[in-house]
Amino acid sequence: MMTSPEKDARVGFVILITHFNMALYSTCFWIQNGVMPYLSKKLGMDAVMFGYLQTTFAIVQLLGGPLFGRFGDLFGGRAALSLAYLSSSLTSLIMGLSTNVSLLFLSRLPSIFMHGMQAAQMVVTDLSLESERTGELGKLGLSYGVGMIIGSSAGGFLISKFGESFAAYVAAAGSVLNSIVVMKYIPEDTKSVRQKNKPEMASSKSVFNVKKIIKLLSIPGAAEILVVKAITGLPMGVFQSMFSVVGMDYFKLEAEDNGYLMAYVGVLQMIMQGLVVGWLTKRLGEHTLLPWSILVISLVGLATALISNIFHFYLVCIPMSFGISGFYLTTNSILTKIVPPADTGAMLGLNMSVHSLIRSMAPTIGGFLYQLYGYPSFGYLQFTVNLLVFLYLFKRISN
């Protein structure tokens, strides 16, 4: 599709602002994410109760994902981004005010619409060409990685010097600033910025539309990709949900050490998502790269089970970041390409619901495995499950 230089410049500016929003959102998220394990421990929560807290967060987000996606399709990118950042601000604020376990659980409720990455993906999907979609979505990971580095490092410093509550308040203030930037610079309807004609509007104005969800799932290939995403993502979710506990108990990490580790992972994520995966996708294609990413994730699981110190984990993070980045970017790109432009938000909402479903199940499974079988069980689970998924997809490609 040919576009005028003025329109291309406008598209570029909006994407640039979206990347700024993504970096700031990630910064605030990782500050409050760093607060969570130390504040919960300070309030007397054990590993099992911490798992329940993580599950509560995931269930709340699971309920909000499809609604948020439809909201973005109906009311536009500006409204979606603003809602995500205001929800993030309220979540961090209540966390900072939490003086008991009940308030800490209550702080998870506003996160029902805290879908900053999903909102940014909706905007970038609206503004990007299909041939460039994987690369453009990958660049969001670059911005997210910048925020992860800043947020993880700043979170560890703020917690150590000023306490958990102060760090949470900083995250809340940053999210408010993000909302102000969105209202000033993001167009109300990002779907119509690149397209010459106003895109077809949804036939139903209902945010909660079961028929629409069923219709999206009936698109050839959609349900299979979502199922593969759920099965492959569950073992990774188990490990990620328990890593803060593992870091404190198994690797003996303090708040600042954990912040440095997350910053390192952020750098790797920036490189893999922003540079490596997009380059490989152009040469191999999403459907070819997907199974090989899953194989890498499987082998990383085996390596994770065998490591004994934090230095080994730093090394394992390199292939881990590649596998995870390749897996998520290829599946996200495939899902947004198989639906009409008017429904990309709803499909991204279903995609986010898979992530939330994983996070709702993972902490309970992780707490059980950690107490009975220890840290290596996470890696063996990831190795076994993902190897089976790889063999299934590889057989399909071969046929």
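**Exercise 1. Decide whether Ser-89 is buried or exposed, and identify its contacts beyond the neighbouring sequence.**

Solution. In this predicted model, the relative accessible area of Ser-89 is 9%. Buried means under 20% relative accessible area, so Ser-89, at 9%, is classed as buried. The next step is to place the residue, and Ser-89 turns out to belong to helix α3, which covers residues 77-97. Once neighbours within four places in sequence are set aside, the residues in contact with Ser-89 are Ala-172, Ser-175 and Val-176.

**Exercise 2. Carry out the analysis for Ser-26, stating which helix holds it and which residues it touches.**

Solution. Ser-26 lies in helix α1, made up of residues 5-42. Its relative accessibility is 0%, and because buried means under 20%, Ser-26 counts as buried. With residues up to four places away in sequence left out of the count, Ser-26 touches Tyr-144, Gly-147 and Met-148. Of these, Tyr-144 will return in the next exercise, where it is one of the α6 residues that meet α5.

**Exercise 3. Describe how α5 and α6 pack, giving the crossing angle, the handedness and the residues that meet.**

Solution. Start with the geometry: helix α5 (residues 116-127) and helix α6 (residues 133-162) have axes that come within 10 Å and cross at roughly 145 degrees. The crossing in which α5 passes α6 is right-handed. Next, list the residues on each side: α5 contributes Met-117, Ala-120, Gln-121, Val-124 and Thr-125, while α6 contributes Arg-133, Glu-136, Leu-137, Leu-140 and Tyr-144. Sorted by class, this contact of α5 with α6 holds 6 nonpolar, 2 polar and 2 charged residues.

**Exercise 4. Examine two loop residues, Met-114 and Pro-187, for location, burial and spatial separation from a given partner.**

Solution. Met-114 sits in the loop between α4 (101-106) and α5, and its relative accessibility of 2% makes it buried. Not counting residues up to four places away in sequence, Met-114 touches Tyr-25, Phe-29, Gln-32, Phe-57, Gln-61, Ala-84, Ser-87, Ser-88 and Thr-91. Its partner for the distance step is Ile-213, 99 residues apart along the chain, and the two C-alpha atoms are separated by 21 Å.

Pro-187 occupies the loop between α7 (164-185) and α8 (191-194), and is likewise classed as buried, with a relative accessible area of 10%. For Pro-187 and Ala-263, which are 76 residues apart in sequence, the C-alpha to C-alpha distance is 32 Å.

**Exercise 5. Characterise the second largest cavity by volume and lining, and then describe the packing of α12 and α13, two of the helices that supply its lining.**

Solution. The count of cavities of 30 Å³ or more comes to 4, and the second largest cavity has a volume of about 60 Å³. Its lining consists of Met-236, Phe-239, Gln-240, Val-300, Gly-301, Thr-304, Met-320, Ile-324, Phe-378, Gly-379 and Gln-382. At least two lining residues come from each of α10 (222-249), α12 (286-306), α13 (310-337) and α15 (376-398). By class, the lining has 6 nonpolar, 5 polar and no charged residues.

For the final step, α12 and α13 pack at an angle of about 150 degrees with their axes 8 Å apart, and α12 passes α13 in a left-handed crossing. The contact of α12 with α13 divides by class into 14 nonpolar, 8 polar and 2 charged residues.

Technical notes: Residues are numbered from 1 along each chain as its sequence is written. This is a predicted model: local features need pLDDT of at least 70, side-chain atom pairs count only at pLDDT 80 or more; totals for chains, interfaces and linings use all residues. Side-chain values use heavy atoms; hydrogens and water are left out. Axes are lines fitted to C-alpha atoms, for helices over the stretch in contact, and angles run from 0 to 180 degrees between N-to-C directions. Helices (H or I, at least four residues) and strands (E, at least two) are DSSP runs, numbered from the N terminus. A crossing is left-handed if the near helix is turned anticlockwise from the far one by less than a right angle, and right-handed if clockwise. Contact means heavy atoms within 4.5 Å. Ala, Val, Leu, Ile, Met, Phe, Trp, Tyr, Cys and Pro count as nonpolar, Asp, Glu, Lys and Arg as charged, and the others, Gly among them, as polar. Buried means under 20% relative accessible area, exposed over 50%, partly exposed in between (1.4 Å probe, protein chains only). On a 1 Å grid over the protein atoms alone, a cavity is a set of points where a 1.4 Å probe fits but cannot get out, and a pocket is an open set with protein on both sides within 12 Å along at least five of seven lines; lining residues have an atom within 4 Å of a point. Grid points are joined across faces, edges and corners, and a volume is the space filled by probe spheres set on the points.
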